[in-house]
Number of protein chains: 2
Amino acid sequence: MTDVDYCVIGAGFAGLTAALRLKQAGRSVAVLEARDRLGGRTFTEVRADGSWIDRGGAWVGPGQDRIHALMDEFGVPSYQQYTDGEAIMVVDGKQHRYTGTIPWTMSPWAALNLGAALFELGHMCESVPLDAPWASKQAGRLDQLSLAQWLDDNVLSRPAHDLLETAVAGCYTSAASEVSLLFVLYQMASGGGPNFVLGVKDGAQDARPVGGMGAIYRPMAAEIGDSIHLSQPVRRIEQDTAGVTVCAEELTVRARRAIVAVPLAIASHILYEPMLPVDRSFLHQRMPSGSIIKIAAVYDEPFWRRDGLSGQSAAPGSPATITIDACTDTGRPGILCVIVEGPIARQVGQLDEAERRKTVLGALVERFGDAAGSPVDYVEHNWTVERYSGGGMLSHAPTGVLTQFGHALREPCGRIHWAGTESSAVMCGWVDGAVRSGERVASEVLEHETATVV
Amino acid sequence: MTDVDYCVIGAGFAGLTAALRLKQAGRSVAVLEARDRLGGRTFTEVRADGSWIDRGGAWVGPGQDRIHALMDEFGVPSYQQYTDGEAIMVVDGKQHRYTGTIPWTMSPWAALNLGAALFELGHMCESVPLDAPWASKQAGRLDQLSLAQWLDDNVLSRPAHDLLETAVAGCYTSAASEVSLLFVLYQMASGGGPNFVLGVKDGAQDARPVGGMGAIYRPMAAEIGDSIHLSQPVRRIEQDTAGVTVCAEELTVRARRAIVAVPLAIASHILYEPMLPVDRSFLHQRMPSGSIIKIAAVYDEPFWRRDGLSGQSAAPGSPATITIDACTDTGRPGILCVIVEGPIARQVGQLDEAERRKTVLGALVERFGDAAGSPVDYVEHNWTVERYSGGGMLSHAPTGVLTQFGHALREPCGRIHWAGTESSAVMCGWVDGAVRSGERVASEVLEHETATVV
């Protein structure tokens with residue numbers, strides 16, 4: 001039995017930030033992590049040649065001030081995402097090379113539809129109050145619409161429709177039919193709108209930390225020290241009038257308060273004694289994770305750059321749905337990141353490993369030429385089959401859930417406080433949102449100390 | 001360590017039926033039930049005077065052949081639900097007394113809207129293939145629509161809209177915005193259409209077993225014998241090439257195969273080793289239970305019958321949303337059942353017990369007169385706060401879930417087989433569906449024996 005001030009469940013950015021801030025405030029903490037590694041939904045693999053691969057969350061963008069503050073704190077510089085050259089869009093089997101946000105060459109009608117839909121999404125985002133998206137006048141109307149229904153009603157050009165479906169539903173790594181429009185608008189608004197979410201330069205994919213996310217979470221963990229316990233899935237959290245007892249696989253922690261910093265579907269696997277309030281336990285049943293496979297194909301050099309390509313491509317329906325240049329700051333070796341999301345990720349996930357690799361590389365060859373077919377290394381991470389991720393990237397809200405249960409996203413339940421990027425009103429879904437949630441929850445528990453003294 | 005042929009998780013009608021049929025086929029079974037009682041989402045309380053209260057599922061109807069077969073097997077007769085006299089509909093604060101399905105007095109326009117909507121729902125039901133609702137041509141279109149959106153698009157009269165919302169969303173004990181239209185159509189079609197679902201006489205509320213549901217599940221359990229273990233929540237199911245190991249709180253069972261017969265959100269609390277296939281584990285994250293409080297107000301006699309009332313009433317928005325006569329076959333004492341579902345159940349659930357009772361009885365007095373205010377007994381059951389129910393009545397599918405994951409509802413995962421009313425293509429959501437699922441799954445595991453011998 002370990003006795004500490006605060007017990008943090010989950011060693012992703014939310015949990016590590018909470019633990020770090022509490023430790024810096026002179027409190028003792030224990031961090032229990034179910035996986036055998038740090039980072040949560042980020043996971044940086046350092047290669048023998050010193051380059052690195054971000055198997056999970058990778059980017060930082062403007063406005064993401066709290067992750068930038070952490071980077072400053074630990075002396076981690078960032079470098080710009082490579083965006084020189086043309087992007088590729090595959091529409092009806094045809095490749096279009098383009099620059100900017102919208103591939104005008106696909107067809108003026110499609111491009112106009114796409115532009116109009118993005119404008120309308122952006123416009124609707126402005127009406128969503130970030131602190132309580134469920135409270136706006138239009139919340140009910142927007143929350144009973146699925147993203148798929150909205151796309152069908154508003155985007156008449158089929159290529160534009162498919163493209164938006166891939167891009168927007170892709171953010172939630174789910175089918176467009178599964179996601180509430182209100183949730184989409186809220187999540188986009190929390191980052192500043194669709195241009196930020198979908199954009200690369202000046203958007204959510206603007207830059208990366210040198211050394212990957214691990215260059216941030218490793219020194220954070222080092223400062224927290226030996227109070228982080230890996231491979232300790234928490235099975236049970238008991239509350240009484242004096243504190244909490246957190247029971248992990250081989251470890252029991254007694255603390256004043258518990259901070260749960262894991263995805264909602266994972267939080268539902270913990271047994272709470274007494275039971276959580278209904279709205280919170282129902283939220284656990286109702287905000288699932290999606291499917292994502294992230295692949296890094298490593299080549300001696302980024303050959304696509306020579307061909308005038310940025311490495312960025314989108315091909316709705318393809319097993320290599322989205323690609324983006326994922327080289328380190330030195331540009332060597334060449335790393336091409338492939339992202340497969342939602343229903344296609346589950347289809348591709350059913351292939352055996354060799355077949356999947358062949359399928360994905362085949363699609364890359366079609367898009368980038370023969371050189372793409374022979375990577376020197378090939379690293380794939382299927383978040384869907386990670387037990388303690390339960391899927392990826394962020395939990396989404398189906399229709400009706402935000403208006404019925406959204407208020408429970410942040411409300412503490414007695415001595416249990418909730419962190420995780422999904423609980424952040426700003427940059428919800430990004431690493432920055434996770435950091436913000438960790439800082440919020442550290443403040444929350446410290447405020448309770450003061451309240452007790454008074 | 002108990003060694004048996006088959007291990008059944010859950011002692012509701014699905015699990016008990018599976019265990020019974022396997023025992024009758026000469027196999028040994030162990031049934032592990034998390035609660036300290038039998039019956040699952042049915043729960044019959046026998047009162048000191050010999051009358052009984054069904055705190056959960058209560059009715060049987062025509063076409064529900066498998067529950068009727070069980071009743072015949074154990075010599076349990078049924079009696080007709082009392083339907084003499086007029087029903088009450090409260091619209092805009094005004095009470096309308098009426099007979100038949102539709103309260104024509106509310107307004108011809110509203111009544112026409114209501115009739116047309118029910119007709120259209122029935123019509124759409126006919127196009128849904130029960131064995132694979134996700135496979136129909138229109139499945140995608142219907143599954144991306146929430147029930148709320150469909151009601152807004154199709155029912156223009158506000159009273160008719162509110163009434164349908166209460167009645168139909170009530171079936172899923174959730175807000176209409178949370179439920180997929182395809183799921184609604186599938187569930188209704190599995191019972192024969194909206195007239196069956198919403199109807200009393202000749203519908204899903206046609207009759208009740210004499211002695212309540214307990215008069216069926218108790219003798220079933222007696223025949224299964226001492227292999228039923230109560231208060232044994234299952235924490236873990238391991239599969240290997242030879243069988244399964246099922247670990248409950250204080251008991252470990254080794255068996256050839258496991259049958260999981262619990263609601264989907266409850267199945268998600270079990271740790272599966274190895275992990276379940278993605279589509280099944282994702283289904284566990286995506287089919288939540290709703291909120292329901294069922295109340296029995298007991299009076300010396302059913303005074304409403306004297307007043308020419310059937311006891312049936314509906315009042316959208318009221319804390320006593322729905323009432324129905326719940327007397328036993330003798331008609332004494334008078335038992336009035338109050339059903340509160342969905343968002344209102346959660347609101348009412350937050351009141352303290354005394355306040356909730358006062359609120360509910362106040363609503364009954366308005367509707368049935370002063371006599372309703374002084375019951376001799378008052379029994380309430382809030383399924384939402386039962387840890388091992390996780391809500392009630394049936395799990396529903398939000399938009400997009402059936403088309404993406406519905407196929408996993410029945411597919412065995414190695415040596416784990418899935419029962420529960422949600423897995424039944426016929427009478428999905430009723431006790432009869434639970435019985436059917438239990439019989440299906442018993443056949444499934446026995447067929448595997450033969451396959452092994454051959």
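**Figure 1. Cysteines and the disulfide count in the predicted model.** Over all chains of this predicted model, the number of disulfides is zero. A disulfide would need two cysteine sulfur atoms within 2.5 Å. In chain A, the cysteine sulfur closest to that of Cys247(A) belongs to Cys7(A), and at 9.8 Å it is too far away for a bond. Cys247(A) is buried, its relative accessibility being 18%. In chain B, the sulfur of Cys7(B) has its closest cysteine sulfur in Cys247(B), again too far for a bond at 9.8 Å. Cys7(B) is buried, with 0% relative accessibility.

**Figure 2. The annotated span of chain A.** The unreviewed UniProt entry lists residues 13-446 of chain A as "domain: Amine oxidase". Helix makes up 36% of this span and strand 20%. The C-alpha atoms at its two ends are 19 Å apart.

**Figure 3. Surroundings of Gly334(A).** Gly334(A) belongs to strand S19 of chain A, which covers residues 334-341. With a relative accessibility of 0%, Gly334(A) is buried. Val298(A) is 36 residues away in sequence, yet the C-alpha atoms of Val298(A) and Gly334(A) are 5.7 Å apart. Beyond four places in sequence, the residues that Gly334(A) touches include Ala297(A), Val298(A), Tyr299(A), Trp304(A) and Cys327(A).

**Figure 4. Surroundings of Gln312(A).** Gln312(A) sits in strand S17 of chain A, residues 309-314. Its relative accessible area is 25%, so Gln312(A) counts as partly exposed. Apart from neighbours within four places in sequence, Gln312(A) contacts Ala87(A), Ile88(A), Val200(A), Thr323(A) and Ile324(A). Asn154(A), 158 residues away in sequence, lies at a C-alpha to C-alpha distance of 27 Å from Gln312(A).

**Figure 5. The interface of chain B and chain A.** Contacts join 46 residues of chain B to 46 residues of chain A. About 3500 Å² is buried between the two chains, and carbon and sulfur atoms account for 47% of this area. On the chain B side, Gln144(B), Gln285(B) and Arg387(B) lose the most area to chain A, together giving 20% of what that side buries.

**Figure 6. Polar and charged pairs across the interface.** Six salt bridges are counted between chain B and chain A. One salt bridge pairs Glu178(A) with Arg286(B), with the closest N and O atoms 3.0 Å apart. Polar contacts link 26 residue pairs across the interface, with both residues at pLDDT 80 or more. Elements of chain B that each supply at least two residues to the side touching chain A include helix H5 (147-154), strand S11 (234-239) and helix H11 (278-286). H11(B) gives the most to that side, with five residues.

How values were computed: Residues numbered from 1 in each chain as written. Chains lettered and ligands numbered in written order. Predicted model: local features only at pLDDT ≥ 70, side-chain atom pairs only at ≥ 80, totals over all residues. Heavy atoms only, no water. UniProt positions renumbered as here; feature names shortened; annotations may be inferred. Helix = DSSP H or I, 4+ residues; strand = E, 2+ residues; numbered from the N terminus. Buried < 20%, exposed > 50% of the residue type's maximum accessible area, 1.4 Å probe, protein only. Contact = heavy atoms within 4.5 Å. Buried area = accessible area lost by both parts, 1.4 Å probe. Salt bridge = Lys/Arg side-chain N within 4 Å of Asp/Glu carboxyl O. Polar contact = N/O pair within 3.5 Å; in protein donor to acceptor, adjacent residues only side chain to side chain.
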